Amino acid sequence: MYRKISAIVVPTLIAVGIIAYMLYSVWDQLLIALQHMIPAYLVVGVTICLCAWWLRGWRYHTILKSLNYPVSVKDSTACIFISQTVNLVVPARLGDFVRVFILKHEYNTTYSEGVSSLVVERVFDVITVAVLGAISLFFVLNTPSWFTTLIIVPLAAGLLFFAFLLFIGKLSSKNKYIVIILTMLHEIKRASLTPRSLALLGISSVGAWLLDIFACVAVVMMFEQKIPFAVIVLAVVIGNLVKAVPLTPGGIGTYEFALYTTFLLAGVAPAIATLIAVIDHLVKNLVTLVGGVISNYYFGDWVIPSIKEALTAKFGGGTQPDS
């Protein structure tokens, strides 16, 4: 029982602690800054987020189509909405695997194909974010060395992974577990390394992440700040690369702190840096949450019980009594 509780409660407490510390340290300045905000830009930010979600849904539709599953853009977007909503609640990005169950239920995909589609999406995300971050480094002075490391390492890993895929055709094995892995690698290669897939997934990935950055720009403008675009790009990149390490549900707390730190290094006042970081993530998470709730009703009432069953199995549930 204690293992189940700590697996969810501890990461959540870490997230709450980080946010609480950030807000408490500049509380008076926060209240002043909030009085001068321009709410119209909040609407702009939400609209941009919705466009980014549609583009991510279209990209996932393209990935599944390459695996010979004609999933509509509406369904693929709803899949992502639900999985990301679950990620806001549970640690270790377990929500990603909800998509595997949905695809199996609705389109009779194999579990291997479901996981392969997730890997393709994640690899393109990591490479795209890292590339945008690497470009921004040329325009932002005096960045700490760990920024460069945080950007270059996943970029190199992603490129090496794609290079490895080019040679898997020569690999074979009689071990059933290795065969499963090789099957998934072939599926990933089929969905990502054709010229058409590279072009479509590459362009849509860049577009989706630029929209994510422009949503942050809208929050910056909401507080009438003039922060260089390259700094905002770098902040969002660092935030998402830090968030990729699943320390807290949905990266809450770690994402905000990464944005806050980046803005401080660029000379932004602590109160403004805190507001931008917190509200940027809050807007994106609220859009995710609303989209996830709507998507759950769209797919039907079987989704939540399936999620509960999967989580129970993951955290040692089942028929065994807690001790």
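What share of the 323 residues in the protein is buried? In this predicted model, buried residues make up 49% of the chain. The fold itself is easy to describe: there are 13 helices and zero strands, so if you read along the sequence you simply meet one α after another. Sequence neighbours don't tell you much about who touches whom, though. Take the contacts between residues at least 6 apart in sequence, and 73% of them join residues at least 24 apart.

Now look for the open space. The largest pocket holds about 1000 Å³. It is lined by 41 residues, and those closest to its centre are R93, R122, D125, W209 and K243. Several helices contribute to that lining: helix 3 (40-66), helix 4 (73-87), helix 6 (111-137), helix 7 (145-165), helix 9 (195-222), helix 10 (229-243) and helix 12 (270-299) each supply at least two residues. Helix 6 gives the most, with nine residues. As for chemistry, the lining of this pocket is a mix of 21 nonpolar, nine polar and eleven charged residues.

Helix 6 is worth staying with, since it also turns up in the salt bridges. By the distance rule used here, the count comes to nine salt bridges. One of them pairs R56 with D125, where the closest N and O atoms are 3.6 Å apart. R56 sits in helix 3 and D125 in helix 6, 69 residues apart, so this pair links distant parts of the chain. Both R56 and D125 are buried, and D125 is one of the residues closest to the centre of the largest pocket.

A little earlier in helix 6 comes E121, and what does R99 meet in a salt bridge? The side chain of R99 meets that of E121, at 2.8 Å from N to O. Because R99 belongs to helix 5 (residues 98-107) and E121 to helix 6, the pair ties together parts 22 residues apart in sequence. Are these two buried or exposed? R99 is buried, with a relative accessible area of 0%, and E121 is buried too, at 2%.

E121 has another partner: its side chain also meets that of R122 in a salt bridge, at 3.1 Å from N to O. R122 counts as partly exposed, because its relative accessibility is 23% and buried means under 20%. Put the shared partners together and you get one network, in which salt bridges join R56, R59, D96, R99, E121, R122 and D125. Two members of that network, R122 and D125, are also listed among the residues closest to the centre of the largest pocket.

Next, follow the chain to helix 10. This helix has 15 residues and reaches 21 Å from its first C-alpha to its last, close to the 21 Å expected at 1.5 Å a residue. Of those 15 residues, 13 are buried, so helix 10 is largely enclosed by the rest of the structure.

Finally, there is some closed-off space. A search of the whole structure finds one cavity of 30 Å³ or more, and the largest cavity contains about 60 Å³. Eleven residues line it, and R93, K243, T248, G250 and G251 are the closest to its centre. By class, that lining has five nonpolar, four polar and two charged residues. R93 and K243 should look familiar: they are also among the residues closest to the centre of the largest pocket.

Terms used. Residues are numbered from 1 along each chain as its sequence is written. This is a predicted model: local features need pLDDT of at least 70, side-chain atom pairs count only at pLDDT 80 or more; totals for chains, interfaces and linings use all residues. Side-chain values use heavy atoms; hydrogens and water are left out. On a 1 Å grid over the protein atoms alone, a cavity is a set of points where a 1.4 Å probe fits but cannot get out, and a pocket is an open set with protein on both sides within 12 Å along at least five of seven lines; lining residues have an atom within 4 Å of a point. Grid points are joined across faces, edges and corners, and a volume is the space filled by probe spheres set on the points. Helices (H or I, at least four residues) and strands (E, at least two) are DSSP runs, numbered from the N terminus. Ala, Val, Leu, Ile, Met, Phe, Trp, Tyr, Cys and Pro count as nonpolar, Asp, Glu, Lys and Arg as charged, and the others, Gly among them, as polar. The expected span of a helix is 1.5 Å times one less than its number of residues. Buried means under 20% relative accessible area, exposed over 50%, partly exposed in between (1.4 Å probe, protein chains only). A salt bridge is a side-chain nitrogen of Lys or Arg within 4 Å of a carboxyl oxygen of Asp or Glu. Contact means heavy atoms within 4.5 Å.
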